[in-house]
Amino acid sequence: MNVKIYIETSLKGPAIKDGYYASVIEYQTSKGPAILGQVGKEEDTTYNRSTLLAIVGALKKLKPKTEVLIYTHCAFVKNIYERGTLEDWKREEWVKPSGEQVANSALWQQFLTESERVGKIGFRFSKFNDYIDFMQEKIEERQKKEEKTEDENAKIQKIKGKPSNEKNG
């Protein structure tokens, strides 16, 4: 089966902050094309890590022996995979030549495991695709939903007579 995975994140650049990520898996069924999407959030994350989270989450949903093409605008993740750096890191037990631990090594290991399980993976650098607006909309919906929940929780705390920033404890 040929599958395309499209990736989007709310983060851009090297900042560390709360971030959202989304993926769309596009595949063919006997009834025609179908899509499956996911949206996630991680606190204190980076652009590269949120891209990896989206890719790993999407790969976990696929059956073994699937041919996959991943569309992303994260050149770092694309290049690490295509240059064989993951195999180098694995051989060196996830330590760089400088002696430094590979950042996000557990997540990179999950990516390597899933990519081996799935089979053939290719990457395409792509800032724009058919699902970019859809994924950005889903990320915004999730953000708004969480903001609304936080506002409601603050109101409940205020009604109970506790400041909303006070922790129970």
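Here is a short chat about how some labels in this predicted model are earned.

Student: What makes Tyr6 count as buried?

Tutor: Buried means under 20% relative accessible area. Tyr6 has 6%, so Tyr6 is buried. This residue is found in strand 1, and six of the eight residues of that strand (residues 2-9) are buried, so strand 1 is largely enclosed by the rest of the structure.

Student: How do you know that strand 1 pairs with strand 4 and with strand 2?

Tutor: Pairing needs at least two bridges found by DSSP. Five bridges join strand 1 to strand 4 (residues 67-72), and these two run parallel. With strand 2 (residues 17-29) there are seven bridges, in the antiparallel sense. Both counts meet the cut-off of at least two, so both pairings stand.

Student: Which residues stand opposite each other there?

Tutor: Tyr6 stands opposite Tyr71 in strand 4, and Lys4 stands opposite Glu26 in strand 2. Also, the C-alpha atoms of Tyr6 and Thr72 are separated by 6.3 Å, although these residues are 66 apart along the chain.

Student: Why is the contact between Asp88 and Arg91 called a salt bridge?

Tutor: The cut-off is a side-chain nitrogen of Lys or Arg within 4 Å of a carboxyl oxygen of Asp or Glu. For Asp88 and Arg91, the closest N and O atoms are 2.4 Å apart, so the pair qualifies. Being three residues apart in helix 3 (residues 85-91), they are separated by about one helical turn.

Student: What about Glu114 and Arg117, and is Glu114 buried or exposed?

Tutor: Their side chains meet at 2.9 Å, N to O, so the 4 Å limit is satisfied there too. Both lie in helix 4 (residues 105-118), three residues apart. Glu114 has 11% relative accessibility, under the 20% limit, so Glu114 counts as buried. Arg117, at 28%, falls between 20% and 50%, so Arg117 is partly exposed.

Student: How many salt bridges are there in the whole structure?

Tutor: A search finds eight. Among the residues involved, Lys41, Arg142 and Glu146 are linked in a network.

Student: Why is Glu43 called exposed, and what makes Glu43 fit in a negative surface patch?

Tutor: Exposed means over 50%, and Glu43 has 55%, so the label fits. A patch residue needs over 30% relative accessible area and no salt bridge, so 55% passes the area test. Glu counts as negative, and Glu43 forms the patch together with Asp18, Asp44, Glu147 and Glu150. Strand 3 (32-45) and helix 5 (132-159) are the elements that give two or more residues to this patch.

Methods
Residues are numbered from 1 along each chain as its sequence is written. This is a predicted model: local features need pLDDT of at least 70, side-chain atom pairs count only at pLDDT 80 or more; totals for chains, interfaces and linings use all residues. Side-chain values use heavy atoms; hydrogens and water are left out. Patches are made of residues with over 30% relative accessible area and no salt bridge: like charges are joined within 9 Å, nonpolar side chains (Val, Leu, Ile, Met, Phe, Trp, Tyr) within 5 Å. Accessible areas come from the Shrake-Rupley method with a 1.4 Å probe; for residues, only the protein chains shown count as cover. The place of a charge is taken as NZ of Lys, CZ of Arg, CG of Asp or CD of Glu. Helices (H or I, at least four residues) and strands (E, at least two) are DSSP runs, numbered from the N terminus. Buried means under 20% relative accessible area, exposed over 50%, partly exposed in between (1.4 Å probe, protein chains only).
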